[in-house]
Amino acid sequence: MRNTYTLIIIGGGPIGIACALEARKSGLDYLILERGCLVNSLYRYPVNMTFFSTSERIEIGGVPFVSNNVKPNRSEALEYYRRVAVSHHLNIHLQEGVKEIRPVAGGFEVVSDHGVYGAGHVILATGFYDIPVLLDVPGEDLPKVTHYYREPHFYAMQKVVVVGASNSAVDAALETWRKGAEVSMIIRGEGIGPRVKYWVKPDIENRIKEGSITAYTHSVLVAIRPGEVDIRTPEGIKTIPNDYVISLTGYQPDLDFLRRTGIRLSDDERLQPFYDPATMETNIPNLYLAGVVCGGMNTHVWFIENSRVHAEMIIRNIVK
């Protein structure tokens, strides 16, 4: 099996695939290493998730994305990226995680679950969806707690607490409520987040206003027990009966991996990795960043729509 390449791309999401398409177009030999399935982060999205953007804004490699809807959904996106990967015969190893990147003379050694590869250049397109931001409260490790929401039927006729006020939290609250769950939302701020999809925001706000969904604003979850939870509200600690907690407080890149690799991070709360915005090259020569990983803890900066261009920038710089 070949183990030396001009370019190794770590991450088989939309941006990793876009990088591979650009490399292929430029005649570079490459390999994608993905620790999960193809477009693993999209696979882990809620089953009924609809994108905020239209299909043409999440196309990659100039391949048209034809959707039956104005806003494409998760299943359409999975099928689109799969067809792109298959039709272009992408060189990709799935279910193969990367443990370490070692600078060596002439490039890098990339250590994976299955072996060691040599590469002249490396692109990190690892996203941020694999590591949830934890609440760090007692009981968070109980089986009743999840940081990923998939679909609503499981929660039918159960008492559900949804932590958060973002798109994912709102979708979980509405969908589980419509399947007959008794839903309470715990919101740190004063209300539903400003980035919530414009066609969904009135729905959740009306359900809260009419009392169908209970919202505890300016509140935090402080303890989880098998049959109940404690919430710190402006009026004090409130204990409510509870069967399941869906904690959707956000996700973060694998910052420890970036540090171990030697990539410099900002010293503020953003923990933004260093890169040259003109080339996407990090402080380590020939090691590049692409996609949402570039934002560090600020995960609302980069999306498929505005980071597709990273692939062109990086490959152009490598070829030059």
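**Sheets, strands and a surface patch**

Author: In this predicted model, five strands form an open sheet with parallel pairing, in the order E8-E15-E9-E10-E11.

Reader: What makes strand E8 and strand E11 stand at the edges?

Author: Strand E8 (145-146) and strand E11 (214-216) each have a single partner strand, so one side of each is left without a neighbour in the sheet.

Reader: How do you know that E8 pairs with strand E15?

Author: Two strands pair if there are at least two bridges between them. Two bridges join E8 to E15 (residues 244-247), so the condition is met. The two strands run parallel, and Val145 stands opposite Val245 in E15.

Reader: Which helix lies across this part of the structure, and at what angle to E10 does it run?

Author: Helix H4 (residues 167-178) lies across strand E9 (159-163), strand E10 (182-186) and E15. Helix H4 runs at about 165° to E10.

Reader: Why is Trp199 called partly exposed?

Author: Buried means under 20% relative accessible area and exposed means over 50%, with partly exposed in between. Trp199 has 34% relative accessibility, so it counts as partly exposed. Trp199 is found in the loop between E10 and helix H5 (201-209). Together with Phe52 and Tyr198, Trp199 makes a nonpolar surface patch of about 340 Å².

Reader: What makes strand E12 largely enclosed by the rest of the structure?

Author: Five of the six residues of E12 (residues 220-225) are buried, so the strand is largely enclosed.

Reader: How do you know that E12 and strand E13 pair, and in which direction do they run?

Author: Pairing requires at least two bridges. Five bridges join E12 to E13 (residues 228-233), so the two strands pair, and they run antiparallel. Ala223 has Asp230 in E13 as its bridge partner. E12 and E13 form a hairpin, with two residues between them.

Reader: Which strands form the sheet that contains this hairpin, and which of them are edge strands?

Author: The open sheet has three strands in the order E12-E13-E14, with antiparallel pairing. E12 and strand E14 (236-241) are the edge strands, as each pairs on one side only. On average, neighbouring strands of this sheet are turned by 25° against each other, direction ignored.

Reader: How many bridges join E13 to E14?

Author: Six bridges join these antiparallel strands, and pairing needs at least two, so E13 and E14 count as paired. Arg232 stands opposite Ile237 in E14.

Technical notes
Residues numbered from 1 in each chain as written. Predicted model: local features only at pLDDT ≥ 70, side-chain atom pairs only at ≥ 80, totals over all residues. Heavy atoms only, no water. Helix = DSSP H or I, 4+ residues; strand = E, 2+ residues; numbered from the N terminus. Contact = heavy atoms within 4.5 Å. Axes fitted to C-alpha atoms, helices over the stretch in contact; angles between N-to-C directions. Patch = residues over 30% accessible without salt bridge, like charges linked within 9 Å, V, L, I, M, F, W, Y side chains within 5 Å. Areas by Shrake-Rupley, 256 points an atom, 1.4 Å probe, with all protein chains shown as cover. Salt bridge = Lys/Arg side-chain N within 4 Å of Asp/Glu carboxyl O. Buried < 20%, exposed > 50% of the residue type's maximum accessible area, 1.4 Å probe, protein only.
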